[in-house]
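Thanks, everyone, for making the time this morning. I would like to walk through one model, starting from the outside and working inwards.

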Amino acid sequence: MSPLDRLLASRSRRVGLAHLVLVLAALAVGTFYALVLFVSGAHEHLAALRGHGVVMTLLVLVPAIPSVLGNLALPKIASAEELAFPRLGGLVVALQALGLVTFVIAAQTDGLGVGTELVMAQSGSLVSSGASWTLATLALSSAAAALQAVRVMATALASRDR
């Protein structure tokens with residue numbers, strides 16, 4: 001059995017690698033925003049700072065530990081073949097990918113430029129479409145993290161009962 005076959009042997013490992021690819025893509029986008037911060041003028045500085053913060057928090061840090069490490073390491077630690085609810089892992093990957101796409105759309109529609117728009121969007125006032133895309137990124141990333149937390153906790157509880 002080749003190392004690639006062993007790496008892709010279970011659904012949890014494939015989901016973990018898909019999350020790793022998504023986290024690395026988000027890291028590349030966040031690094032781009034960090035470079036924009038480094039070379040930009042004062043008028044673009046605040047939007048780039050917000051973009052860097054949103055990407056690194058919602059799309060890199062939040063999914064990296066429970067999704068990447070949870071799918072790749074937890075089954076071995078818990079002596080399980082798979083995480084609980086293996087089909088839910090595909091949904092988590094899809095939500096995280098949609099979160100990255102909605103962030104790119106938010107960045108293109110100036111959704112990261114004005115912070116007060118997010119407060120107005122939560123209160124139901126009319127706002128720009130960019131702020132709505134930023135809120136969609138927040139919602140998709142949060143839903144993916146919550147579903148992954150359910151998978152990790154169910155696996156941990158099931159392994160405790162053995």
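The surface of the protein chain amounts to about 8,900 Å² of exposed area, and carbon and sulfur atoms supply 71% of it; accessible areas here come from the Shrake-Rupley method with a 1.4 Å probe, and for residues only the protein chains shown count as cover. I should say at once that this is a predicted model, in which local features need pLDDT of at least 70 and side-chain atom pairs count only at pLDDT 80 or more, while totals for chains, interfaces and linings use all residues. Residues are numbered from 1 along each chain as its sequence is written, and side-chain values use heavy atoms, with hydrogens and water left out.

The protein chain has 7 helices and 0 strands, where helices (H or I, at least four residues) and strands (E, at least two) are DSSP runs numbered from the N terminus. Of its 162 residues, 34% are buried, and by buried I mean under 20% relative accessible area, with exposed being over 50% and partly exposed in between (1.4 Å probe, protein chains only). If we take contacts between residues at least 6 apart in sequence, 75% of them join residues at least 24 apart, contact meaning heavy atoms within 4.5 Å.

Let me turn to helix α2, which covers residues 11-39. With 29 residues, α2 reaches 42 Å from its first C-alpha to its last, close to the 42 Å expected at 1.5 Å a residue, the expected span being 1.5 Å times one less than the number of residues. Buried residues of α2 include His 19, Leu 22, Ala 26 and Tyr 33. Leu 27, by contrast, counts as partly exposed because its relative accessibility is 33%. Together with Leu 20 and Leu 24, Leu 27 forms a nonpolar patch on the surface with about 220 Å² of accessible area; patches are made of residues with over 30% relative accessible area and no salt bridge (a side-chain nitrogen of Lys or Arg within 4 Å of a carboxyl oxygen of Asp or Glu), like charges being joined within 9 Å and nonpolar side chains (Val, Leu, Ile, Met, Phe, Trp, Tyr) within 5 Å.

What does Leu 22 touch, not counting residues up to four places away in sequence? The list is Val 93, Gln 96, Ala 97 and Leu 100. Leu 22 and Gln 96 are 74 residues apart in sequence, yet 7.5 Å apart in space, C-alpha to C-alpha. Gln 96 lies in helix α5 and counts as buried because its relative accessible area is 5%. Beyond its neighbours within four places in sequence, the contacts of Gln 96 include His 19, Leu 58, Pro 63 and Ser 141.

Another buried polar side chain to look at is Thr 137, in helix α7 (residues 129-160), which is called buried because its relative accessibility is 0%.

As for the largest nonpolar core, it has 19 residues, of which Ala 26, Leu 59, Val 60 and Phe 103 touch the most other members. Helices α2, α3 (42-72) and α5 each supply at least two residues of this core, and α3 gives the most, with 9 residues. A nonpolar core is a set of buried Ala, Val, Leu, Ile, Met, Phe, Trp, Tyr and Cys residues joined through side-chain atoms within 4.5 Å.
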